[in-house]
Amino acid sequence: MEIYVILHQMVRLFIMMGLGYLLYKVKIIDAGFNKKMTRFVLDFTLPLMVLASVLEQPADRDYGVVAEMIVISAGVYIVLPLLAFVTVKFMRIPIGQQGMYMMMLTYGNVGFMGFPVLNAIYGSTAVFYAAILNIVFNVSAFSAGVVMVNYGCGGDAAGGAPKFNFRSLLSPGTVISVLSVAIYFSGIIFPDDIVSVCSSIGNMTSPLAMVIIGATLATMDVKSVFDDWRIYPFTLVKQIALPFVMWVIMRVFIRDDMLLGICTVLMMMPVANICVMLANMHDRDEKLAARGVFITTLFSIVSVPVMLYFMV
């Protein structure tokens, strides 16, 4: 069942990417529209998707397990950037690309691919716990991710990170993610109409994100998608080495088998769509990010089933 679900998710991913590619080629989408759509997703549909994941939860809530999942998730997104930083230095990635590679190593496709796989393995309860991790994911992506995407770009002569205005990190994604956690613990129940609107708009996020990636790939020479040799050792690290290392670390601290399994599965996911959107939004190397999403997603057709067999 897990392999069946994964293969179907791969097919859907590539069809959506293909549509974005086609729309760009026939000039329905251009670079300006793609950039505006990126902002629309990051600042509107994605925050509402996060909010909806909390608003749809029942009134009877297990605060203890959720609190544990928040602590685990926070630990994951503290450790991952550190491992990513060490990895890009070890791989001798050029300074101008180090931030992008760090971001691609840190953020996997948790929502669009991770949720269906978890539902097939553990059921809907696991999807809810993964949604908690996804909230921490978004807080990290809209804060640490912004720092990563700019790392080595426009800094000092040595290529250091530029200075940031703290207020620039207070994006709608960060604010709504933090607010969503507060709403969950407050126990407030919102009217069905509000929940339905947030869910409907939030569900636009994944399809639009894949169209954005496809349109970005359409700006590249087809050969260039495959001719960057660094993307191949990176893919092996991202899809095999990093999940294994995280699994070893998490086994020490997580005693609940289900929570360990959830986190392990999510570590196996390919590069997240948000890497392309943040790169586009901040005028960084979105082509490298799109290449990373495409190659790791393609490789995950093999890597995820194999890793699931041995580790979950």
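Helix α3 gives the most to the lining of the second largest pocket, with five residues (helices being DSSP runs of H or I, at least four residues, numbered from the N terminus). The model is a predicted one, with local features needing pLDDT of at least 70 and side-chain atom pairs counting only at pLDDT 80 or more, while totals for chains, interfaces and linings use all residues. Numbering runs from 1 along each chain as its sequence is written, and side-chain values use heavy atoms, with hydrogens and water left out.

That second largest pocket holds about 180 Å³ of space. A pocket here is an open set of points on a 1 Å grid over the protein atoms alone, with protein on both sides within 12 Å along at least five of seven lines; a cavity is a set of points where a 1.4 Å probe fits but cannot get out, and lining residues have an atom within 4 Å of a point. Volumes are the space filled by probe spheres set on the points, which are joined across faces, edges and corners. The wall of the second largest pocket is made by Val71, Ile72, Gly75, Val76, Val79, Met246, Ile249, Met250, Phe253 and Ile254, and α3 and α12 are the elements that give two or more residues to it. By class that comes to nine nonpolar, one polar and no charged residues, where Ala, Val, Leu, Ile, Met, Phe, Trp, Tyr, Cys and Pro count as nonpolar, Asp, Glu, Lys and Arg as charged, and the others, Gly among them, as polar.

The largest pocket, at about 370 Å³, has 19 lining residues, and Met49, Ser53, Glu56, Phe115 and Asn203 sit closest to its centre. Helix α2 supplies the largest share of this lining, five residues, and α5, α6, α9 (192-202) and α10 each add at least two. The lining of the largest pocket has 10 nonpolar, eight polar and one charged residues.

As for enclosed space, the whole structure has two cavities of 30 Å³ or more. The largest has a volume of about 190 Å³; it is lined by 17 residues, with Leu46, Met49, Asn109, Gly111 and Asn273 closest to the centre. No charged residue appears in its lining, which has nine nonpolar and eight polar ones. The second largest cavity holds about 60 Å³, and its lining does include one charged residue, alongside eight nonpolar and two polar. Among the residues lining this second cavity are Tyr77, Leu80, Lys238 and Met269.

Tyr77 turns up again among the nine aromatic pairs of the structure. Tyr77 and Tyr107 are stacked, 6.0 Å centre to centre with 15° between the planes (Phe, Tyr and six-membered Trp rings pair if their centres lie within 6.5 Å; planes under 30 degrees apart are stacked, over 60 edge-to-face and the rest tilted). The two tyrosines are 30 residues apart, Tyr77 in α3 and Tyr107 in the loop between α4 and α5. Both are buried, that is, under 20% relative accessible area with a 1.4 Å probe and protein chains only, against over 50% for exposed and in between for partly exposed. Tyr184 and Phe185 pair edge-to-face, 5.6 Å centre to centre and 85° between the planes. Tyr184 counts as buried because its relative accessibility is 2%, whereas Phe185, at 37%, is partly exposed. Ring pairs also link Phe14, Phe226 and Phe294 into a cluster.
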